[in-house]
Amino acid sequence: MYGAGGLLHRHAVVLVVGLLAHSIYGRYTVLSKRKLKWFVEEKRVDGWNDPRFPTVQGVIRRGLTVQALRQFILSMGASVKENMTSWDKVWAMNKGIIDPIAHRYLAVDATEKCPLILTNFNEDTPDSVGGKTSKQNQLHPKDKSIGYKTTPLHENVWLEMNDAKIIKDGEEITLMRLGNCVIDRIERDADGTPTKVTGKLHLTGGFKGTKNKLTWVAARTEEDMKCVDVVTVEFDQLITKPKLDDGDELMDYLNDNTRAESRLIGEPGLRNVSVGQIIQLERRGFYRCDENNCNNGGAVVLFNIPTGRAKSMSSVGNKIDSTKKR
């Protein structure tokens, strides 16, 4: 049924219980086994299970679930004719499956961040937390049955630098999964870049009235409460032409930048994410865990999962480490 690596090529997905011949196509998709073999031999990819490959192993490593693939096949029905469908439809079905169950976590850019000082953190009032060191949050905001995580708290937290640049003195913002905060002052350097933000928690405030709902992580130093290193990986197409025609030379349409990594710091609950698990980094997107080396002093490596949209990347500006592109 499948070629090398479980290649999804013409007539690749066959439902045994019916007469179904179906191909999943996509713009910029290389389907020739000969061409894909060249990518492997030239070490332009990690192997036949590379997330950029249209192989069964590749798309599952990218974050496609078996349930989505099965649902897609059944939705097409039985046919003796070959049908063609865009990958966008498959990824959109996949999102419908993972969205209700994916655990939610917070993370911010490791290299472009700004400190926020909560000056009333230790006050024991309805608007503050009375110096509490942690808070129990649902792993999924819409489903308590999935479970809870421990979110560390601290008077010093990290914000995304891009978020610090858009908030204003006197503005009330929402710190996601914690509550509201009123910004008192934003200190800036000579270039106007924020260097420190101070504010007061306002937990009795309503989040529906705030414009900016921001991700954050506590600046804790204890081993079990400190942030973990996170590497998110986003993939691009292997070729620069939507469809290679007969006579086209592969070498003329190679994309040299097909993998980009971002360095983040995330809440310590990410230590518990297992390889193969699908999660959501809030405001960034869905990811599949490819490696988790936290307990060995390393990072959690997360692969970005397409959602069927034209742009399924982060909603906050990632600083891509260009030295990791390939």
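Ala, Val, Leu, Ile, Met, Phe, Trp, Tyr, Cys and Pro count here as nonpolar, Asp, Glu, Lys and Arg as charged, and the others, Gly among them, as polar. The model is predicted, so local features need pLDDT of at least 70 and side-chain atom pairs count only at pLDDT 80 or more, while totals for chains, interfaces and linings use all residues. Residues are numbered from 1 along each chain as its sequence is written, and side-chain values use heavy atoms, with hydrogens and water left out.

**Exercise 1. Describe the largest cavity and sort its lining residues by class.**

Step 1. Start with the term: on a 1 Å grid over the protein atoms alone, a cavity is a set of points where a 1.4 Å probe fits but cannot get out, and lining residues have an atom within 4 Å of a point. Grid points are joined across faces, edges and corners, and a volume is the space filled by probe spheres set on the points.

Step 2. The structure holds one cavity of 30 Å³ or more, and the volume of the largest cavity is about 50 Å³.

Step 3. Now find its walls: the lining consists of Leu-106, Thr-151, Pro-152, Trp-216, Val-217, Ala-218, Met-225, Cys-227, Glu-267 and Pro-268. Strand 7 (148-152) and strand 13 (216-218) are the elements that give two or more residues, and strand 13 has the largest share, with three. Strands (E, at least two residues) and helices (H or I, at least four) are DSSP runs, numbered from the N terminus.

Step 4. Sorting the lining gives eight nonpolar residues, one polar and one charged.

**Exercise 2. Place strand 13 in its sheet.**

Step 1. The open sheet has seven strands in the order 12-9-10-11-5-8-13, with mixed pairing. Two strands pair if DSSP finds at least two bridges between them.

Step 2. Look at the ends: strand 12 (213-214) and strand 13 are the edges, and each has a single partner strand, so one side of each lacks a neighbour in the sheet.

Step 3. Further in, strands 10 (179-188) and 11 (194-201) run antiparallel and are joined by seven bridges. Ile-186, for instance, has Val-197 in strand 11 as its bridge partner.

**Exercise 3. Are Lys-43 and Arg-283 buried or exposed?**

Step 1. Buried means under 20% relative accessible area, exposed over 50%, and partly exposed in between (1.4 Å probe, protein chains only).

Step 2. Lys-43 lies in the loop between helix 1 (33-41) and helix 2 (56-62), with a positive phi near 60 degrees. Its relative accessible area is 69%, so Lys-43 is exposed.

Step 3. Arg-283 sits in the loop between strand 16 (278-281) and strand 17 (285-292), and its phi is also positive, at about 75 degrees. Arg-283 is partly exposed, at 24% relative accessibility.

Note on methods:
On a 1 Å grid over the protein atoms alone, a cavity is a set of points where a 1.4 Å probe fits but cannot get out, and a pocket is an open set with protein on both sides within 12 Å along at least five of seven lines; lining residues have an atom within 4 Å of a point.
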